[in-house]
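Me: Could you walk me through one helix in this model, close up, and then set another beside it? I'd like to know what sits where.

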Amino acid sequence: MSDELQVSALNSSQPANQEESNFNLKPPYQTPKGVHDILPADHEYYTFIKKVVRHRMRQAGFKRIATPIFEYTDVFVRSIGDATDIVDKEMYTFLDKKGRSLTLKPEGTAGVVRSFIQNGMNQLPQPVELYYIEPHFRYDRPQKGRYRQFWQYGFEIIGELDPALDAQAIFLANKINEDLGIDKLFKIQLNTIGSLEDRKKYTQALRDYYYGKERNLCEHCRDRLTKNPLRLLDCKNEDCMILAQLAPKMNDYLSPESKEYYNDVKEYLAELDIDFVENPTLVRGLDYYTNTVFEFWDAHDGAQNAIGGGGRYDGLIEIMGGQPTPAVGFAAGIERIIANMKREKIRVPSKDDVHVFVAQLGKEAKKKCLKLIYEMRESGIKTIGALGMGSIKQQLKLADKFNAPYTLIMGITEVREGTIIIRNMTKGSQEIVKFDNAIEEVIKKIGEKNLDKYSPGEVMY
Ligand code: AMP
């Protein structure tokens, strides 16, 4: 995505002479493999998505949390499980100067759970509902939709066990997709992997089934068989897939309570008009899930381009040293959301467009314009000014390049007469107004509702 942007930015500058063409040679410093700059055009998507997420989360009573970019490595090893791809091969782990092992966060839940326990959030009214919008890091093989730094938004509902909460989590994730115009592109895959007890019995059944068949498994699955047999079910190797089809089914190992729980989730989803597909092989990559698991799969490419997933993780908080506390959560990848929005030609409002360009000539005009620029910005008019030495003609050219719909022009005559010129850049027409009325006149033209007023809310003492 950002690659495309960078390439097109380079392509648009045709070298006019040798000096410029040297500039176009590959610069000596590049981003590390698998990571990208977020250039301004893409930032508009990030900003819009964050706004949608914040809005939906606030509406549902969630509070935002930001955990550190790095944690002690054990936080991830303990929570995600050491038989997962993430912990096995994808973590950015390093030693600090005192030899402590730290890891850049590869996903959001582990940090949130660590924070929940560390900050005694079990004392708060339950459930505790938290959301985050953060960068994450995985040493993945870079390819389309798979980067080494990527953004996720995610949320967690901690402290209550109820199938209605699972349904609500799926509903909320789907609502955000609707707001972004991409809900129809994804099919919700749903499964249950039972309680921790059910899983124990089922994983034993899997081990028994695969006993003696190890030779037919891929190298990874042979390893997974001892560490995390559930993962054998979603291996993409052809031989492993054939064996997985004949393997014991989770459904036969579910306790009556787990079955009832799953049926309730489905009932609530139907009540909320959420379409889903039951997928008995969906297990999710992480160790900590229990009961409900779900993913948003690309309607055409399936799991390959999943946009997000989540599930219930009732055992995790205890594993991490807290009181036993049930929880359910979800996370989605923002780069993949943007790629889908772009593919669908969905555009987002551009807040970066300027309203006015200010051009001036002569020291007196510059002095007046310096103050005017500041006052216009205070009034919510997005203003840039050429405060360099160029001629009016050069400055107007620049105004065109910035796509400013209006240019204010002030030269020696205007200073003397106390006026300023407002030029409509699309029509090429211009009018002279009193300098003191300039702001009022510009607001009339761009419209009160389009002003960009700075209003963070007032501080309180
Ligand atoms: P996971 O926690 O692995 O289920 O990831 C949740 C979502 O994050 C995925 O569905 C993707 O949208 C996104 N995601 C995960 N890994 C990456 C990656 N390496 N690059 C970009 N997006 C990712």
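Reply: Right after α14, Gly380 takes a positive phi of about 95°. Bear in mind that this is a predicted model, where local features need pLDDT of at least 70 and side-chain atom pairs count only at pLDDT 80 or more, while totals for chains, interfaces and linings use all residues. Numbering starts from 1 along each chain as its sequence is written, and side-chain values use heavy atoms, with hydrogens and water left out.

Now back up into the helix itself. α14 covers residues 363-378, 16 residues in all, and reaches 23 Å from its first C-alpha to its last, close to the expected 22 Å (1.5 Å times one less than its number of residues). Helices here are DSSP runs of H or I with at least four residues, strands are runs of E with at least two, and both are numbered from the N terminus.

The buried residues of α14 are Ala365, Cys369, Leu372, Ile373 and Met376. Buried means under 20% relative accessible area, exposed over 50%, and partly exposed in between, with a 1.4 Å probe and protein chains only. Their cover includes strands β12, β13, β14 and β15, plus helices α16 and α17, going by contact (heavy atoms within 4.5 Å).

For the second helix, take α9 (residues 219-227), which buries Cys221, Arg224 and Leu225. These sit on the same side of α9, because they cover an arc of only 110° around the axis (taken from the directions from the axis to the C-beta atoms). They pack against α5, α8 and α10, while Glu219 and Thr226 are exposed on the face turned away.
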